[in-house]
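Colleague: Please take me slowly through one part of this model and show me how it connects with its surroundings. I would like each term explained with its cut-off as you come to it.

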Amino acid sequence: MADTREAIVRASYLPMSIIIVGVGNADFTDMQILDGDDGVLRSPKGEPVLRDIVQFVPFREFKNASPTALAKCVLAEVPKQVVEYYSYKAFPPRCPQPDTPDSSLGSPQ
């Protein structure tokens, strides 16, 4: 668990998200801690994550739900995580470019 917390703190500076789906009836307390929704996750040395990049979802809460409901919950935090990364890097959003003749070559008309 200590190595995992350290790795997540380091990864919080990178353009990535970590999604954990807990399968079965095990005690997922450690996964909930890694998720960080109840407080800021810290490395064993006390360094906080830069961004919340972990989403934990216990599958048992969705075993009778539609696959769409599971997907919605699993992916719920990803848009915020992307925005936080680009804000940290000070990359402004790019405006969409109009289609050029070259960009439509591979698309059906």
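Modeller: Let us start from Pro48, which is found in the loop between α2 and β2; helices (H or I, at least four residues) and strands (E, at least two) are DSSP runs, numbered from the N terminus. This is a predicted model, in which local features need pLDDT of at least 70 and side-chain atom pairs count only at pLDDT 80 or more, while totals for chains, interfaces and linings use all residues. Residues are numbered from 1 along each chain as its sequence is written, and side-chain values use heavy atoms, with hydrogens and water left out.

Pro48 has a relative accessibility of 33% and therefore counts as partly exposed, a class that lies between buried (under 20% relative accessible area) and exposed (over 50%), computed with a 1.4 Å probe on protein chains only. Setting aside residues up to four places away in sequence, Pro48 touches Val9, Val40, Leu41 and Arg42, where contact means heavy atoms within 4.5 Å. Ala26, by contrast, is 22 residues away along the chain, and its C-alpha atom is separated from that of Pro48 by 27 Å.

The residue before Pro48 takes us to the charged side chains. Glu47 forms a salt bridge with Arg10, with 2.9 Å between the closest N and O atoms; the term requires a side-chain nitrogen of Lys or Arg within 4 Å of a carboxyl oxygen of Asp or Glu. Because Glu47 lies in the loop between α2 and β2 and Arg10 in helix α1, this pair ties together parts that are 37 residues apart in sequence. Glu47 is partly exposed, its relative accessible area being 25%, and Arg10, at 41%, is also partly exposed.

Arg10 has a further partner in Glu6, and their side chains meet in a salt bridge of 2.8 Å, N to O. Both of these residues lie in helix α1, four residues apart, which is about one turn of the helix. An α-helix has 3.6 residues a turn, so residues three or four places apart point the same way.

The structure holds three salt bridges, and one of them is formed by Lys80 with Glu84, whose closest N and O atoms are 3.8 Å apart. Lys80 and Glu84 both lie in helix α4 (residues 78-88), again about one turn, or four residues, apart. Back at the loop, salt bridges that share partners join Glu6, Arg10 and Glu47 into one network.

Helix α1 also has a covered side. In α1, Glu6, Ile8, Val9 and Ala11 are buried, and what covers the buried residues of this helix includes β1, α2 and β2. If neighbours within four places in sequence are left aside, Ile8 is in contact with Ile18, Leu34, Leu41, Val49, Ile53 and Val54.

These contacts lead to the largest nonpolar core, which has 11 residues: Ile8, Val9, Ala11, Ile20, Phe28, Leu34, Leu41, Val49, Ile53, Val54 and Phe56. The elements giving two or more residues to this core are α1 (2-11) and β2 (54-58), and α1 gives the most, with three residues. By definition, such a core is a set of buried Ala, Val, Leu, Ile, Met, Phe, Trp, Tyr and Cys residues joined through side-chain atoms within 4.5 Å.

The strand that follows the loop is β2, which is mostly covered, five of its five residues being buried. Val54, Phe56 and Pro58 point one way from β2, whereas Gln55 and Val57 point the other way. Strand β1 (residues 18-22) and β2 pair in the parallel sense over five bridges, pairing being called when DSSP finds at least two bridges between two strands. Within this pair, Ile19 stands opposite Gln55 in β2. The chain crosses from β1 through helix α2 (residues 29-35) to β2, and this β-α-β crossover is right-handed: with the strands pointing away from the viewer, the path from the first strand over the helix to the second runs clockwise.
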